[in-house]
Amino acid sequence: MQEVNEFWDSIETVPAEALSKNWKYSLKRGDKIVPTKWFITELSLKKNEQIDFQSNYDNRDIFAEKFGFKIHEDLVFDMSDLQRFKKFYETQVKNKSLFQFFIDHTHNTLEGNNIDPYKIRMAITQQNEAIVIVGMRTVLQYKNDRIGFIIKSEHYDEIVQLYNVEKSYDFKGSDDVYFVHSHPDFIPDSTADKILEVNADTILYEYKKIENSIRSRWNAEANSTNHTLKKIMFENDNVEGFLKSNKEFKMEYFDVEGILKYRELTKGQYDKNSEATKIFNDTRTKINYLAELLSGKLGIKLQNNYNERINKQAGKQTGHHNYKDYILVGFIPTHLNKFGKDIFIKIAFGFSETIPNLHYQIDINYKNNSNPFAKGRDYLLKQNDFWIDLDDHFPKTWNELLTNTTDNFRKIIKSLEDFLNNNKVEETPKTAHMSTKYHPLNQILFGCPGSGKTYSTKKLAVEIIEDRKFTNTKEDRAEIIKLYDQYTEKNQIKFTTFHQSLSYEDFIEGIKPKTVNNQVIYEIENGLFNKISQKAQDNWLNSQTKENNELSFEDALSKLQDEWVEDNDIKFPLKTKGNDFTITGFNEKNLNFRKASGGTAHTLSFNTMKELYYGKRNFTNAGVGIYYPAIIERLRSYEGDSKPSKKLDNYVLIMDEINRGNISSIFGELITLIEEDKRLGSTEKIEVNLPYSKESFGVPPNLYLIGTMNTADRSVESLDTALRRRFSFTEMKSDPEVIRTAHENRGIIQDSLNINLIELLDTINKRIELLVDKDHQIGHSYFIGVNTLSDLKVTFKNKIIPLLEEYFFGDFGKIGLVLGDQFVETNSAQDNKKILSKFKGYEDVDFLTDKKIYTFKDVDQMTANDFASIYNDYNDQSN
């Protein structure tokens, strides 16, 4: 008792970081209020004990009673509470004014009787009623647009006569109290004063019975409890205004740390008060919130139609109640809800793999033996199923998660719609989306110099195209390089480096000079992004079209160009005989032709030809439209060397050093078009007319954009806002452990006292982070190829030391704090005096004797011990 009181008295203010956790319950003594869990945790630390205090009603009340505290409840609520209240209000409350009257009366009763929020409960039950509970009894109720009151029996006859109420039952727990319901014609105005007065007095009568009781002994918290309703009632909020002001309520993100330890916490039997159960309930609530966010993003309302229990309670597991190894909620679009609970899209966290994962997948309720979709389950599970591991790359915010996964969820809905519309299982299932690792359409790898960003882009690009995962072994790296070169040769991968001079004209399209027959002409040329977009779009259209073309448009056009080179006089007929036209040449965007009348200033657009070729546009008889049919017929006549493929291929554009370019000048108006839901094929697709060619342009859905950025040059926060919103960001950390697997001697230089490169880099980075920040660390890639002492000297001289000079702006003193005395030396006071010339007019030079001048020692002359001193010095200090 004394220790508790002394610690309580020592608290002047609660730290801001503790208050920021939005505790619901606090200890109260006098005017001082302190969060319960924080107080007990801090008290245990002062006693050098570690207590994981579970702040449930039993523990909280017992502690408060023993040490003479009261429990203070803050009126806070979460998204689940808000949604439950909102759903009740929108679906069950038809008479909004009557419900507001119910709220106002409850508030007046609570305030007038000085009722403690901790001693009373508000709930929204499965019977679709909003109720106020004192002790364990309902004292006020709103159901089916009627209000239920408790009144003392002595007032019953008078109340019946005045308001024509209907008695529901004798109030349980009090023989002299009845529970009555208002008549459907009840008028919520001043004429109701009498029943309100009687009800308020009766509520106080019941409240006095339990006012001094410990709550856990008479009113355990229930799932139906609704803190949103409680807050509205105690603060007398206008319901409509409250919902409007909380429209943008944001729920906290998934507790990833909690989810990661869920598997370990569930090895025992089910316990409703355990940490595992809390993690399960919290995660399931947030899965429902994620579904709501996806609904808004997709414009399709998702309805919860399946909830998996936390523990195994069926079959062989009956009586054991073991936890399940997943947290799952099922949803179905409302336009498909006629199929009930038999089929759904599950959003789930699974724990059966080495790394827990979040996945979206079509599934069925296989517990229903008569489920009509049971035979199709194996097929359905593979329809665009999507998995993402809970590793360092897992999205950190709701927005990032939505950006990375909405398109996948859209595909799963489409697969579900197709299946239900056909109501049959196809013999050959569609290719499932890559489940080994998800790759966003737009992503940026960011990190310090040497952290492997550019190195990783090759692996990412090949994984995206191959739709499979590669490891970091030497064998896999060799295959990655081989495939990368092949796809680059096929123009399926393009690489560019952004710089200050890169412009819209280089990246999208621009007018460029060209020499033809010793004359300078100007033509519109496609930029790099435009070119690979056209390639990807051609493949995408080819995979979508129902036209029986032998070749893709690009391949057919190439055949036409080859044929024209062999014969410049190929004639193409019009419907009118004698009006054949001939091709005079090709440029990047058009086919030039000569009319039968001799006119040559005429072109046919490749974009238009492509749309006609794939059946995406109809032929017209206006203008040059009459010349397209003959060209398209010729293109469709070409045959390939093998059976034509309709396979959708992915294309990748790698933009190295993306932060060094002026994004608005490079992308221009097209920055919007790269968003997933603005791409071709989406219901929200956007196309624009390019400024020079006036051609329509859109970004295809099979073009992936990968950027890299060096955080030592520029932080993520300083990037162009429009770019940040449209890209997901993956941090590439300096990881000394990579050296252990990638270095030929597992990070040890064996010819020189076994210098440990892993410890060396780890120590340097810890010191840099302390002196600057983590964005200016040294990357592991600088050391992977360092196998001898000579290699290490070259690396330090040409890479590490120049980087440190840049990081610390030439402050050799701080560099000395990173590398130590063996690398940086200072001159003596005597040396300073020797440097200056003798000059009688300025004799006060004593201040210069205190000035330190730092210089680097000659790296070439350093020994293995000098390099080892970097981490040995650190270890000595640590010990």
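**Exercise 1. Contact range and overall make-up**

Task: State what share of the contacts between residues at least 6 apart in sequence joins residues at least 24 apart.

Solution. In this predicted model, 67% of the contacts between residues at least 6 apart in sequence join residues at least 24 apart. The chain that makes these contacts has 31 helices and 31 strands. Of its 879 residues, 48% are buried.

**Exercise 2. The nonpolar cores**

Task: Identify which members of the largest nonpolar core touch the most other members, and which helix gives the most to this core.

Solution. Step 1: the largest nonpolar core holds 99 residues, and F99, I343 and I347 touch the most other members. Step 2: helix α13, residues 275-298, contributes the most to this core, with ten residues. Step 3: take I347 and set aside residues up to four places away in sequence; I347 then touches I287, L290, A291, L294, I327, L328, V329, F331, L358, H359, Y360 and F409. Step 4: another core, of 36 residues, lies apart from the largest one, and L761, I764, Y807 and I815 are among its members.

**Exercise 3. The setting of I345**

Task: Is I345 buried or exposed, and what is in contact with I345 beyond its neighbours within four places in sequence?

Solution. Step 1: I345 belongs to strand β12, residues 343-350. Step 2: its relative accessible area is 0%, and buried means under 20%, so I345 is buried. Step 3: leaving aside neighbours within four places in sequence, the contacts of I345 are V329, G330, F331, Q361, I362, F409, I412, I413 and L416. Step 4: I345 and Y360 lie 15 residues apart in sequence, with 6.8 Å between their C-alpha atoms.

**Exercise 4. Helix α16**

Task: Determine how the reach of α16 compares with the expected value, how many of its residues are buried, and which elements those residues pack against.

Solution. Step 1: α16 covers residues 453-466, 14 in number, and reaches 20 Å from its first C-alpha to its last, close to the 20 Å expected at 1.5 Å a residue. Step 2: ten of the 14 residues are buried, and α16 is mostly covered. Step 3: the buried residues are K453, S456, T457, K459, L460, A461, V462, E463, I464 and I465. Step 4: their packing partners are the strands β15 (442-447), β16 (493-497), β23 (651-656) and β26 (703-710), together with α17 (474-489). Step 5: just after α16, D467 adopts a positive phi of about 60°.

**Exercise 5. Two helix pairs**

Task: Classify the crossing of α20 with α22 and of α26 with α29, and name the residues in each contact.

Solution. Two packed helices are described by the angle between their axes and the distance between the axes.

Step 1: the axes of α20 (residues 553-566) and α22 (residues 628-637) come within 9 Å and cross at roughly 100°. Angles of 65 to 115 degrees count as roughly perpendicular, so α20 is roughly perpendicular to α22. The contact is formed by F553, A556, L557, L560 and E563 of α20 with I631, R634 and L635 of α22. By class, these are six nonpolar, no polar and two charged residues.

Step 2: the axes of α26 (residues 757-771) and α29 (residues 812-819) come within 8 Å and cross at roughly 140°. This angle makes α26 oblique to α29. From α26, I764, R767, I768 and L771 meet K814, L817, V818 and L819 of α29. The contact of α26 with α29 has six nonpolar, no polar and two charged residues.

Definitions and conventions. Residues numbered from 1 in each chain as written. Predicted model: local features only at pLDDT ≥ 70, side-chain atom pairs only at ≥ 80, totals over all residues. Heavy atoms only, no water. Axes fitted to C-alpha atoms, helices over the stretch in contact; angles between N-to-C directions. Helix = DSSP H or I, 4+ residues; strand = E, 2+ residues; numbered from the N terminus. Parallel < 35°, antiparallel > 145°, perpendicular 65-115°, else oblique. Contact = heavy atoms within 4.5 Å. Nonpolar A, V, L, I, M, F, W, Y, C, P; charged D, E, K, R; others polar. Core = buried A, V, L, I, M, F, W, Y, C linked by side-chain atoms within 4.5 Å. Buried < 20%, exposed > 50% of the residue type's maximum accessible area, 1.4 Å probe, protein only. Expected span 1.5 Å × (residues − 1).
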